[in-house]
Amino acid sequence: MATVLICRRFPRLSRVTTFSTTAKCKAESGSRKSKQKKEENLETANTGTESVATIQLLNPLDYRVLYNPSAYAKSRAASQQHAARNSGQALGDTFTSPGTAQVQHTFGTASSQALPPIRNALPKPESKPFLEQTILAHLSVAQIKEEAEKEKTEMHDSKEDPRMFQKGRPEYRSLSYDKFESVDTLTLEEGDSILHSVAICKGRQSPGTLTGYFRKLSRLPAEQHTALVSEPRFNTLCRYAVKNIRLFSTSDLIDILKACIRLVVPPTHPLLNACENEFCRRVWDMNLDQLLLVADCWRCLERSVPSYLSILFSYANMHWKDLTLPQFVQLVYIIGEGRRSPADLTQKVESMILKYLDAFTLEEVGAICLGLFKSLSGISDHVMRKIADRVSLQMEDMSTYALVNVLKMLRYTRMDHLPLLKELGKVIPAQIPTINIQGIMHITLTCSSLHYFDEGIMAAVAMSLPPKVTYCRSKDAAKFLWSFGCLDYEPPNEEEFYSSLIEQMHRKLHEFRKFPEHLLTALLGLAFVKRFPEELIDYALRDEFVQKTRGSKYELKKDLFTLSKSVEIECPSYQGSRLPPQLYQEMLEMVLNFAEQEIYVRPEIVEATSLLESVLGGPEYVKNHMILPHTRSSDLEVHLAMDGQPIPFNLKDPIADKKLKDIGVSLTDDLMTQLITGRCNSQSPMDVENEARTPGGALITDARLQVEPKSGRCLEALTLNQQPRRVKLAIQVSNRNHYCYCSKRLLGLHCLKRRQLQQLGYVVVELPFWEWFPLLKRTRLEKLSYLHYKVFDPALLSRAG
């Protein structure tokens, strides 16, 4: 008997939601969850006509199985591919059961009709072998082909994909190396004969003959190349070439480079060292086609040649007016692959883009954008807008790869080109299922980076991602979570979407050790939408991981600060790792220093503070500071009594503080009675309440009494208890960067901030930029009237109550 044990272990996941929301989620997605969970171990065995399948459900109340042989065959094929893809990732087993393969367990059906239980749906024993074998035989062939096509679609070739533009014009044949050029295969006997000639002639062959040897040997079958490169006689041939390097013609040297590409010669090979030096020496005697071709060969050899590129760029700078369109595009490609931007070419690149913009193919437009993006080349808004104008008119005709490259540059330049973004919303959703995972990630990241929310795009991404989530790198998973969290969007399939990405994060844990910024990016994106996977948070806050963040090229302290404080506020039951106090203090000082220089001094905040002081009665009634420093934005804090009267609390006058410390407070019987009962013997309750509203009364109430430390804590508690009930307002002076582009949809970080302020007892009041900024140009009276209306809104007291 073959036994199939289906078991599922979810990582602990804290979700901060109300009970009603959770109940609703369970009610609406009960049947959906059964189609989303993963099967951890699936084994099948055919033991004759009497064999049957038994399924043990460990959680029968929340699990449903539908019989479908097609889905089964797909599941088995997927499990084999998944195991192959994820072999060697033992470090990711921290959060999964060791020795288990995570595979798709869904048994779906195309029919909407209810199916009988699985045991009743099985065919009769006598007909099972033939039927099952026939079905599975046909399905397995089709399924293997389908999975192979899917694998091919998802695989991104970082060397070849950027070169697709070269297929669009015949001129690129003289400017670039074509790895797909057909050549006649050399037999092993012919190859051995050439190596024998090298050995016996001892370097007496002419440069042309040596070049011919390289050309012919590179035509050996590909499986022989590794052995050839390590063959002593081949190394002898290389030594002869190095010795006579200056005797070779330029075309011969280029042929040798091409042969080295086909043979996959290591980029640090001595022959390549000699070739690079010689090409640097010859640059000024070569034409531009040759220079670009050699640069392309170095790219194919994956050899870094900064000296050669510097000379090439100098040559191009001197002959700029002579560049043809293909030469220019190839040059920008080389600039990008070299990851460096020659400053003296920036203006000339822009002028050339404008010159040829209408003549470029769409693939060439994509190649130019990718070259500029990879080299971090600055480009003016004017030129980027011209590129975006053309793309927005021809987007349907572009390849996805070219379009993604344009989006990368759009993201880099922070260009809010609305026509292109709107066209993206029309064209892309239908294409999402056919785009590989990295392309989808860049589309999603462009939307979030530009704060542009398009529900059609985001929903299409969310629906397409779970089936292909295992193709996500750690970076991809992080960017997806960040993008959805940044735009504060939870899709219709939110549980499946988020659980699949969180599981992929567990599988990719070993990558986060190398790229710690990706883990923090992912966890912050989850925190924005109130999701806190505790095992991953515990890992991110461990000392070992925190130390890794210090070695990152990115400043990650602020991200650690935001994550840790958010967990502290929103997950009171969390028992995992926490940041040490000294690191908190370091981060706090860093954030506050930034706020003093960049945030508190913003004109819209300075004026709001000053005018609120006038409305409320003085600076002691308003405090411009960060209530939640980890959210990186300021608040204007105001306290109101329950009758709406402002309460002074911002008592930072050093003179008043000094007087209090010098005078102290005597513990008289009257004072003790006041502390205990809330009023003096000689005062009515109304007198005490009025005194508490005055600056003097508040000073006495808030002052730390000069008593022994042991009794001081008790007296302080008594004092706080006797303060009048108050409403704490957190007034937000918002700006456009707090919202999605051209909308009033709040971004994830600011949703998180307001949520946490409310949890800490604050009532959030907003001065939205679409109201406050126009008022800054109006009269003082109008501004005061507006602020009075905002602060003394009776609804605030009812919300606090």
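## Helix packing and selected buried residues in a predicted model

His451 has a relative accessibility of 18% and therefore counts as buried, the cut-off being under 20%. This residue is placed in the loop between H19 and H20. Its phi angle is near 55°, a positive value in a residue that is not glycine. The model in which these features are described is a predicted one.

The protein chain comprises 801 residues, of which 48% count as buried. Its secondary structure consists of 38 helices and 11 strands. Among contacts with a separation of 6 or more in the protein chain, 78% are made by residues 24 or more positions apart. The exposed area of the protein chain is about 39,200 Å², and 53% of this area is supplied by carbon and sulfur atoms.

The loop that holds His451 leads from H19 to H20. Helix H20 spans residues 455-464, and seven of its 10 residues are buried, so this helix is largely enclosed by the rest of the structure. The buried positions are Ile457, Met458, Ala459, Ala460, Val461, Ala462 and Ser464. Their cover includes four helices: H18 (418-431), H19 (437-449), H21 (474-486) and H22 (494-507). At the start of H20, the backbone nitrogen of Gly456 is approached by a side-chain oxygen of Asp454, which reaches to within 3.0 Å.

Helix H21, part of the cover of H20, also packs against helix H24 (residues 516-528). The axes of H21 and H24 come within 7 Å and cross at roughly 30°. The two helices are therefore roughly parallel to each other, and their crossing is left-handed. On the H21 side, the contact is made by Ser474, Lys475, Ala478, Leu481, Trp482, Gly485 and Cys486. The residues of H24 that take part are His518, Thr521, Ala522, Leu524, Gly525, Leu526 and Phe528.

The loop between H24 and strand S6 contains Lys530. Lys530 has a positive phi, near 65°, and is a residue other than glycine. With a relative accessibility of 25%, Lys530 counts as partly exposed. Arg531 belongs to strand S6, which covers residues 531-533. In contrast to Lys530, which is partly exposed, Arg531 is buried, with a relative accessible area of 1%. The side chain of Arg531 is joined to that of Glu494 by a polar contact of 2.8 Å. Arg531 is also separated from Val567 by 36 residues in sequence, and the C-alpha atoms of these two residues are 9.9 Å apart in space.

Two further helix pairs were examined. In general, a pair of packed helices is described by the angle between the axes and by the distance between them. Helix H5 (residues 188-201) and helix H6 (residues 207-217) have axes that come within 10 Å and cross at roughly 150°. This angle makes H5 roughly antiparallel to H6. The crossing of H5 and H6 is left-handed. Gly191, Ile194, Leu195, Ser197 and Val198 are the residues of H5 that meet H6, where their partners are Tyr213, Lys216 and Leu217.

In the second pair, helix H15 (residues 362-374) packs with helix H16 (residues 381-394) at an angle of about 140°, and the axes are 11 Å apart. H15 is accordingly oblique to H16. A left-handed crossing is found for H15 and H16. The residues that meet are Leu362, Val365 and Cys369 in H15 and Ile387, Arg390, Val391 and Gln394 in H16.

Glu337 provides another buried charged-residue site, treated here with its neighbours. This residue is located in helix H13 (residues 325-337) and counts as buried at 12% relative accessibility. Its side chain and that of Arg299 are joined by a polar contact of 2.8 Å. When residues up to four places away in sequence are not counted, Glu337 touches Pro162, Arg299 and Lys374. Lys374 falls within the range given for H15, residues 362-374.

Definitions and conventions
Residues are numbered from 1 along each chain as its sequence is written. This is a predicted model: local features need pLDDT of at least 70, side-chain atom pairs count only at pLDDT 80 or more; totals for chains, interfaces and linings use all residues. Side-chain values use heavy atoms; hydrogens and water are left out. Buried means under 20% relative accessible area, exposed over 50%, partly exposed in between (1.4 Å probe, protein chains only). Contact means heavy atoms within 4.5 Å. Accessible areas come from the Shrake-Rupley method with a 1.4 Å probe; for residues, only the protein chains shown count as cover. A polar contact is a pair of N or O atoms within 3.5 Å; within protein, one must be able to donate a hydrogen and the other to accept it, and residues adjacent in sequence count only if both atoms are side-chain atoms. Axes are lines fitted to C-alpha atoms, for helices over the stretch in contact, and angles run from 0 to 180 degrees between N-to-C directions. Angles under 35 degrees count as roughly parallel, over 145 as roughly antiparallel, 65 to 115 as roughly perpendicular and the rest as oblique. A crossing is left-handed if the near helix is turned anticlockwise from the far one by less than a right angle, and right-handed if clockwise.
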